Amino acid sequence: EEQVPAASTGQVILAIDQGTTNSKAALISADGRLIASGTARVGISSPHPGWVEQDAERIWTSVLEAIANCLEGAAGFEAAPDAEIAGIALSTQRESVVGWRASSGAPLGPVIGWQDRRTAAWCSQSVTDQDRQLVNACTGLRVDPMFSAPKMRWLLDHARNGVPIEDVRLGTIDSWLVWQLTGGAKHLCEAGNASRTLLYDITALDWSVDLLDIFGLPAATLPAAVASDQGFGTTSGVPLIPDGTPIVAVMADSHAALFGQGCTEVGMAKATYGTGTFVLVNLGERLPSVSNGLLGTAAAVAPAAPAQFAAEGSVLV
């Protein structure tokens, strides 16, 4: 997209998109124009057939590189050098899982990517039919290795390495980035990302104790699940960003694309093509029902408005 100088100096939003293969940053003016952007590559590996891993530290440094590239590009535009970053907004890859130590921030192991299938046998053998029905009814999803909960269980079983459970933190990529941006002050997960974990009741709009029990996950390891624009703390110790800059909104990337493409009315649909293909249809306030391979998801949750839901068809690549 063409970069256009802002009409005048003033406040801007720093938008960060953390995807499977790239991290991107963009400065957006108050009137919605793109001032500057930057990008950085993220590596991906497959150490065994069906395994997909990334490096949590590299994901974070790629975000910092994208921000630096963006701000460097902004310096070439007349209005940008003294523009004030009013807030930060994130969109992130969805079901991928990070585990880390609360005491040090050190990752417990690799990021287990959303395409990863290592938990396929566990999903087929360790979950009863009754529990599958409960997962389906509460989450709009089906038990599948794509989603976060089996990956979290795997990290606890295979990557914890004796770390005390009270020192363990688990989360999706948005949780990891919020933790990093706030200097470890906030352990939060946005509702749309939470709705991709198999642990989030989309009717109650919170974690489900029953679902946590199914996957054997301690509630204390999980972030608090919050609305998409509830506020995610303020920055601390982030290079090039003033301390105290608010993190104003977070969305799952495919959900952000639904609204970014203007699908704000019931029945409107988007298709995005990246590492996978995802078709989402806006259901408004109607709870989704899963049938014929479709999934249901919480598209956006706001503190003072009804939650918005979507039906989804996914093609993994």
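Among contacts between residues at least 6 apart in sequence, what share join residues at least 24 apart? In this protein that share is 65%. I start there, and then go from the overall picture to a few places in the chain. One caution before that: this is a predicted model.

First, the whole protein. The program that assigns secondary structure finds eight helices and 17 strands. The C-alpha trace spans about 60 × 45 × 35 Å along its principal axes. The radius of gyration is 19 Å, and a compact globule of 317 residues would be near 20 Å, so the two agree. Of the 317 residues, 51% are buried.

Now the surface and the charges. The accessible surface comes to about 13100 Å², and carbon and sulfur atoms account for 52% of that. There are 18 positive side chains and 32 negative ones. The centres of these two sets lie 7 Å apart.

Next, two helices. Helix α4 runs over residues 148-158, and nine of its 11 residues are buried. Among the buried ones are Met152, Trp154, Leu155 and Leu156, but also Lys151 and Arg153. Which elements do the buried residues of α4 pack against? There are strands, namely β6 (97-101), β7 (111-112) and β8 (168-172), and there are helices, namely α2 (120-125) and α7 (209-215).

Helix α5, residues 173-181, is also mostly covered, with nine of its nine residues buried. The list includes Trp176 and Trp179, together with Asp174, Ser175 and Gln180. Just after α5 comes glycine 183, with a positive phi of about 65 degrees.

That brings me to arginine 196, which sits in the loop between α6 (191-194) and β10. Is arginine 196 buried or exposed? The cut-off for buried is under 20% relative accessible area. Arginine 196 has 0% relative accessibility, and therefore counts as buried.

What does the side chain of arginine 196 make polar contacts with? One partner is the side chain of threonine 297, at 3.3 Å. Another is the side chain of glutamate 312, at 3.1 Å. Leaving out neighbours within four places in sequence, the residues in contact with arginine 196 include Arg94, Glu95, Leu141, Met146, Phe147, His255, Leu295 and Gly296. Ser148 is in that contact list as well, and Ser148 is one of the buried residues of α4.

Last, two leucines with backbone angles to look at. Most residues other than glycine have a negative phi. Leucine 205 has a positive one, near 55 degrees. The residue is in the loop between β10 (200-201) and β11 (206-207). With a relative accessible area of 31%, leucine 205 is partly exposed, because that class lies between the 20% and 50% cut-offs.

Leucine 240 also has a positive phi, near 75 degrees. Its loop is the one between β12 (224-226) and β13 (247-252). What is the relative accessible area of leucine 240? The value is 57%, so leucine 240 counts as exposed, the cut-off for that being over 50%.

To go back over the main points. Buried residues make up 51% of the protein. Helix α5 has nine of nine residues buried, and α4 has nine of 11. Arginine 196 is buried, with side-chain polar contacts to threonine 297 and glutamate 312. Leucine 205 and leucine 240 each have a positive phi. That is what I have for today.

Terms used:
Residues are numbered from 1 along each chain as its sequence is written. This is a predicted model: local features need pLDDT of at least 70, side-chain atom pairs count only at pLDDT 80 or more; totals for chains, interfaces and linings use all residues. Side-chain values use heavy atoms; hydrogens and water are left out. Helices (H or I, at least four residues) and strands (E, at least two) are DSSP runs, numbered from the N terminus. The radius of gyration is taken over C-alpha atoms; the globule rule is 2.2 Å times the number of residues to the power 0.38. Buried means under 20% relative accessible area, exposed over 50%, partly exposed in between (1.4 Å probe, protein chains only). Contact means heavy atoms within 4.5 Å. Accessible areas come from the Shrake-Rupley method with a 1.4 Å probe; for residues, only the protein chains shown count as cover. Lys and Arg count as positive and Asp and Glu as negative; His and the chain ends are not counted. The place of a charge is taken as NZ of Lys, CZ of Arg, CG of Asp or CD of Glu. A polar contact is a pair of N or O atoms within 3.5 Å; within protein, one must be able to donate a hydrogen and the other to accept it, and residues adjacent in sequence count only if both atoms are side-chain atoms.
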